[in-house]
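What follows is a walk through one protein structure, taken a few helices at a time. Please keep the sequence and the 3D view at hand while reading.

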Amino acid sequence: MATPPDTQATPAPSQPDHSAPRSPGSDGAPPHASWWPLVAVAVAIFMLLVDVTIVNVALPDIEADLGSTFADLQWVIDAYALTLAAFLLTAGSLGDRLGRRKLFAIGIAVFVLASLACGLSGSPAQLTAARAVQGVGGAIMFATSLALLASAYQGRQRGIAFGVFGAVTGASTAIGPLVGGVLVTALSWQWIFYVNIPIGLAAVVITLTRLEESKDPTSRRFDVPGLVTFSLGLSLLVFTLIRGNEQGWASAATLVQLAVAAALLVAFVAVEHYRRDPMLDLSLFRVPTFVGAQVAAFAVSAAMFALFLYLVLYLQNVLGYTALETGVRLLAVSGVSLVVAPIAGRLTTSVPYRVLISGGLAVLAVGIALMLRVDATSSWWALFPGLLVAGVGIGAINPPLSSLAVAVVDPARSGTASGINSTARQVGIAVGTAAYGALFTTHVSSGVDDALGGAPVPAQARAGIDDAVAAGAIDRVAQALPGPFQSGFADAMRATFTSGLDQIFLVGAGVAAVGAVVCWFTIRQEDLHVSGGGR
């Protein structure tokens, strides 16, 4: 489940290509500014974020229909998050140079075509590839949307536009699981992708016919070395985490892959340090508060949003809920966060950022820790208190974090700062999903070995059992075993599955708690830019 972009980032507007004069109103904005740019951006981002969140509830149906392995399900999430993280900063600079309206329309078109490819996918590999392309389109849309609004509106109208944008991102993220549940239950999982086609085409038409082009002639050049080293390094790290249990954590392949991934990421930092126009401005990390903002973005995504894959598999494949029933239950997180977020946004003018963000992460840690009550005999109500508390924590974190990410830099660099913060969120999802999967599959494999004991099951079939149990298909596996070994296997695997959940819940709570401590000591009021506002 991907997190929304930083909605309060306000990049400095650039001059549009046309030269026709426009008479400003009393607030510096055109007296009759068109709201079509806001409509186009809002429709496109709504489509994007609804699609991101509804994918989670469709995963069990995708697994059953395509014969996906547990690793395949991880890649459905991570393929998108990886390309989004890799191309986000680059897409912003391309939009500045080539034209934001043009690139925004291209991003929508790429996303729509990739959505069609997702729906038509006949294998896990095809779906993963299409999701990766979706991430590229999503990165382009994320990177150019706020810049389009900033160049189209000024003064009070800009405030209205960004307020609507923030409301759309919050609402789409919250209702995504519910919409996904309706589509999957009433139609099929393919429709969570097909629904993007008419919406996306409408957004493209509005963009090309109603929006004005804008560019920044002083924008930096395309950072090919940075893009290559970052995307390859992060992708290889995630690949190794997902394949580590199958390859063996001490195997030569795993160790070599980890070493190469580390070398690529170190090379990325070196490239960005010496490059005159890097896509990642390392000088920003000299400010402790900026570091704290990135830690918070990574922590909230890795701690909670990366857990959604495992929560959905538990609710649908172990407890037996439909996609719609699962979506309704996940409103305990998304719905509560949507209610709390506006309150937290108003508090940013009177409560220090450190208190809101560090406190929100601490509340999130408590919420995830409350989910440790789950065991083999639990119903979903064992999760309910934790989901509610986690929703409060997420709602308390997101508005001040979005504001802090740009309040700590000069306004001219707010677009870059916002992009870095959004990238940290996506990296958190990608790495968190893969890391939890590594822990979970190792635990499940050990539990399967203990449960089967001396059962006459070939090694290849046993590997398939590990994978099926990790995906929650416990009853199906039990029915396929020899008669003497069916008795008690399902109960043992439910115990293994839920204890594995508890293990990753504990890690998630720890990530949030560590993030809370780091943010408390790094976020400082004196680092805020004078025009950043807030406290």
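**Helix α10 and its partners**

The axes of helix α10 (residues 288-303) and helix α19 (residues 489-522) come within 9 Å and cross at roughly 165°. Since that angle is over 145 degrees, α10 counts as roughly antiparallel to α19. The crossing of α10 past α19 is left-handed. On the α10 side the contact is made by Pro288, Thr289, Gly292, Val295, Ala296, Ala299, Ala302 and Ala303. On the α19 side it is made by Gly508, Val511, Ala512, Gly515, Val518, Cys519 and Thr522. Sorted by class, the residues of this contact are 10 nonpolar, five polar and no charged. An α-helix has 3.6 residues a turn, so residues three or four places apart point the same way. With that in mind, the reader can follow the α10 list, which includes Gly292, Ala296, Ala299 and Ala303.

The model shown here is a predicted one. The protein has 535 residues, and 56% of them count as buried. Its secondary structure consists of 19 helices and zero strands. Among contacts with a separation of 6 or more, 84% are between residues 24 or more positions apart. The accessible surface is about 19,900 Å², and carbon and sulfur atoms hold 66% of that.

**A second neighbour of α10**

Which way does α10 run relative to helix α13? The axes of α10 and α13 (residues 353-370) come within 11 Å, and they cross at roughly 15°. An angle under 35 degrees counts as roughly parallel, and α10 and α13 are therefore roughly parallel to each other. This crossing, too, is left-handed, with α10 passing α13. In α10, the residues that take part are Ala296, Ala299, Val300 and Ala303. They meet Ile357, Leu361, Leu364 and Ile368 in α13. The contact of α10 with α13 has eight nonpolar residues, no polar ones and no charged ones. Ala296, Ala299 and Ala303 appear in the contact with α13 and also in the contact with α19.

Helix α13 also holds Ala365. Is Ala365 buried or exposed? Its relative accessible area is 10%, under the 20% limit, so Ala365 is buried. Leaving aside residues up to four places away in sequence, Ala365 touches Ala509, Ala512 and Ala513. One of these, Ala512, is also among the α19 residues that meet α10. The C-alpha atom of Ala365 is 9.0 Å from that of Val389, which is 24 residues away along the chain.

A further link to this region comes from helix α15 (residues 414-452), where Ile429 has its place. Ile429 has a relative accessibility of 1% and therefore counts as buried. The C-alpha atoms of Ile429 and Ser301 are separated by 5.2 Å, although the two residues are 128 residues apart along the chain.

**Helices α3 and α7**

Another pair of helices can be read in the same manner. The axes of helix α3 (residues 100-120) and helix α7 (residues 196-210) come within 9 Å and cross at roughly 165°. Because of that angle, α3 and α7 are roughly antiparallel to each other. α3 passes α7 in a left-handed crossing. The α3 side of the contact consists of Arg101, Phe104, Ala105, Ile108, Ala109, Phe111, Val112, Ser115 and Leu116. Facing them in α7 are Asn196, Ile197, Gly200, Leu201, Ala203, Val204, Thr207 and Leu208. The classes in this contact are 12 nonpolar, four polar and one charged.

**Two buried places**

Helix α2 (residues 70-98) contains Ser93. With 4% relative accessibility, Ser93 counts as buried. Its C-alpha atom is 9.2 Å from that of Thr416, and the two residues are 323 residues apart along the chain.

Why is helix α11 (residues 308-318) described as largely enclosed by the rest of the structure? The reason is that 10 of its 11 residues are buried. These buried residues are Phe308, Leu309, Tyr310, Leu311, Val312, Leu313, Tyr314, Leu315, Gln316 and Val318. After α11 comes Gly320, which has a positive phi near 85°.

Methods: Residues are numbered from 1 along each chain as its sequence is written. This is a predicted model: local features need pLDDT of at least 70, side-chain atom pairs count only at pLDDT 80 or more; totals for chains, interfaces and linings use all residues. Side-chain values use heavy atoms; hydrogens and water are left out. Helices (H or I, at least four residues) and strands (E, at least two) are DSSP runs, numbered from the N terminus. Buried means under 20% relative accessible area, exposed over 50%, partly exposed in between (1.4 Å probe, protein chains only). Contact means heavy atoms within 4.5 Å. Accessible areas come from the Shrake-Rupley method with a 1.4 Å probe; for residues, only the protein chains shown count as cover. Axes are lines fitted to C-alpha atoms, for helices over the stretch in contact, and angles run from 0 to 180 degrees between N-to-C directions. Angles under 35 degrees count as roughly parallel, over 145 as roughly antiparallel, 65 to 115 as roughly perpendicular and the rest as oblique. A crossing is left-handed if the near helix is turned anticlockwise from the far one by less than a right angle, and right-handed if clockwise. Ala, Val, Leu, Ile, Met, Phe, Trp, Tyr, Cys and Pro count as nonpolar, Asp, Glu, Lys and Arg as charged, and the others, Gly among them, as polar.
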